[in-house]
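The exercises below go through one structure step by step. Try each task before reading its solution.

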Amino acid sequence: MKELNSEQFKAVVNALRSTTIVLSVWLFSLILFFGYLLSNPLKKEKKEPEVASPGTTKPAEPKNTPNFWHAPDKANLEGDPDKDQILYGEDLIAHTSLYFGPIGKVKAKSTNGMNCQNCHLDAGTRVFGNNYAAVAATYPKYRARSGSKENIHKRVNDCFERSLNGKALDTNSKEMQAITAYIKWLGRDVEKGKKPEGSGFKDIALLDRAADPVQGKILYEEKCTVCHQKSGEGQLTPDKSTYVYPPLWGKYSYNVGAGLYRISNLAKYIRYNMPLGATHESPQMSDEEAWDIAAYINSMNRPKIDISKDWSKIAEKPFDHPFGPFVDPFNEEQHKFGPYKLIIEEKKKKENAEISITPRA
Ligand code: HEC
Ligand code: HEC
């Protein structure tokens, strides 16, 4: 090999040095470029808002803290003589319309086509999803709406007649017996008289103002129409046997005597359970949003029933029962939409007064 003189050697070194610099700059740019590609949100597929589909997807495995009630394990039903009846009851709650809906196989068209589960989520087992945790332990009980002591059959039929705007079941029917067996089984570990943590609805803060249906309409159209439709009529399956998305108002919705027609109940349901996928642990609505949307939904048309015999003791009407007469000076509008704080104060005053005028034994 030919010897390099010092000039030639310098030149080679210089050439090598500049090549290295050029290569490093290249490499560095490449790294930057790939890094950019990986992190660039535009390169990722446009992500649809996460939408769970009914029935199939449950919201992320309920992280039931040990304090919250949970349903008994179905595996324990093996060998139970009531197993079939209990599972039939569960199916009736989850797929009510397949039995009593538009083409139901037990008694078609005897309800509006909704499922009990539409409002009592996960067949009445979801924490704060209007579950049945407290029913077995607290019924029979006095209920002010009917002014009488009610057993589970009566309470179930109330929802058939009001929430499902349909016909009551015969108490001795196989279906009523199965529904009751299922509800009792769900609550079998609950101490008599107790309401376990997580049962029914989670409470929601009262507003200082009236709930606003105008604001509610705007929110509804932003967050709820994808599924429940702008018309509020929901969406049936193609064979019309059941709802994919149940109706919120209109001919096939719950009637004015139903529990959800009280705005506080509807707001609590929405606050911790809607849009689909929301739970009490990962709610998507604020208190205000829930109240306003509830005000909008319950301003729309829905079936009427005769409720003149409800709340025979007028003083026992709940603060947000929207139909007079009332024992306080507030009108129907304020009872329906609020603000409720003065109504509730007045109610407490009256109750205390009543207690103090009751003669002592
Ligand atoms: C449109 C919604 C809706 C539907 C559908 C519905 N319910 Fe209800 N149900 C409610 C609401 C709201 C309450 C609570 C009312 C209250 O607390 O004032 C309730 C309460 C109950 C209770 C009493 C719970 C307790 O802890 O006291 C039972 C039992 C019940 N429903 C059974 C049923 C059955 C069975 C069906 C199906 C045949 C059904 N519900 C369908 C909304 C509904
Ligand atoms: C991704 C679809 C989806 C969206 C969005 C959605 N819901 Fe629902 N909603 C459902 C389904 C499905 C059910 C029935 C749940 C079941 O049966 O498990 C339901 C049930 C209900 C119910 C009780 C049943 C009834 O029909 O009366 C109410 C009330 C309700 N939704 C209100 C709302 C409100 C208010 C919003 C907007 C904040 C909303 N939903 C957004 C799918 C949706």
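A residue is buried if 20 or more other C-beta atoms lie within 10 Å of its own, exposed if 12 or fewer, and partly exposed in between. The model used here is a predicted one.

**Exercise 1.** Determine whether I103 is buried, exposed or partly exposed, and describe its surroundings.

Solution.
- Step 1: locate the residue. I103 sits in the loop that runs between helix 3 (96-100) and helix 4.
- Step 2: count its neighbours. Within 10 Å of I103 there are 13 other C-beta atoms.
- Step 3: apply the cut-offs. Exposed requires 12 or fewer and buried 20 or more, so I103, with 13, is partly exposed.
- Step 4: list the contacts. When neighbours within four places in sequence are left aside, I103 is in contact with A108, K240 and S241.
- Step 5: compare sequence and space. T242 is 139 residues from I103 in sequence, while their C-alpha atoms are 8.7 Å apart.

For the whole protein, 32% of the 361 residues count as buried. Of the contacts between residues at least 6 apart in sequence, 64% join residues at least 24 apart.

**Exercise 2.** Describe how helix 2 and helix 8 pack.

Solution.
- Step 1: decide what to report. Two packed helices are described by the angle between their axes and the distance between the axes.
- Step 2: give both values. Helix 2 (residues 83-94) meets helix 8 at an angle of about 100 degrees, and the axes are 7 Å apart.
- Step 3: classify the angle. Angles of 65 to 115 degrees count as roughly perpendicular, and helix 2 and helix 8 are therefore roughly perpendicular to each other.
- Step 4: name the residues that make the contact. Helix 2 contributes Q85, I86, Y88, G89, E90, L92 and I93, and helix 8 contributes E175, Q177, A178, I179, A181, Y182 and W185.
- Step 5: sort these residues by class. Nine are nonpolar, three polar and two charged.

The protein has 14 helices and four strands.

**Exercise 3.** Which parts of the protein supply the shell around ligand 1?

Solution.
- Step 1: find the nearest residues. Among the 25 residues around ligand 1, those that come nearest are C116, C119, C159, S163 and G259.
- Step 2: assign helices. Helix 4 (116-119), helix 7 (152-161) and helix 8 (174-186) each supply at least two residues of the shell. Helix 7 gives the largest share, four residues.
- Step 3: assign domains. Domain 1 (74-186) and domain 2 (213-297) each provide at least three residues of the shell.
- Step 4: sort by class. The shell has 16 nonpolar, eight polar and one charged residues.

Conventions:
Residues numbered from 1 in each chain as written. Chains lettered and ligands numbered in written order. Predicted model: local features only at pLDDT ≥ 70, side-chain atom pairs only at ≥ 80, totals over all residues. Near = placed C-beta within 6 Å. Nonpolar A, V, L, I, M, F, W, Y, C, P; charged D, E, K, R; others polar. Domains from an automatic or database assignment. Contact = placed C-beta atoms within 7 Å. Axes fitted to C-alpha atoms, helices over the stretch in contact; angles between N-to-C directions. Parallel < 35°, antiparallel > 145°, perpendicular 65-115°, else oblique.
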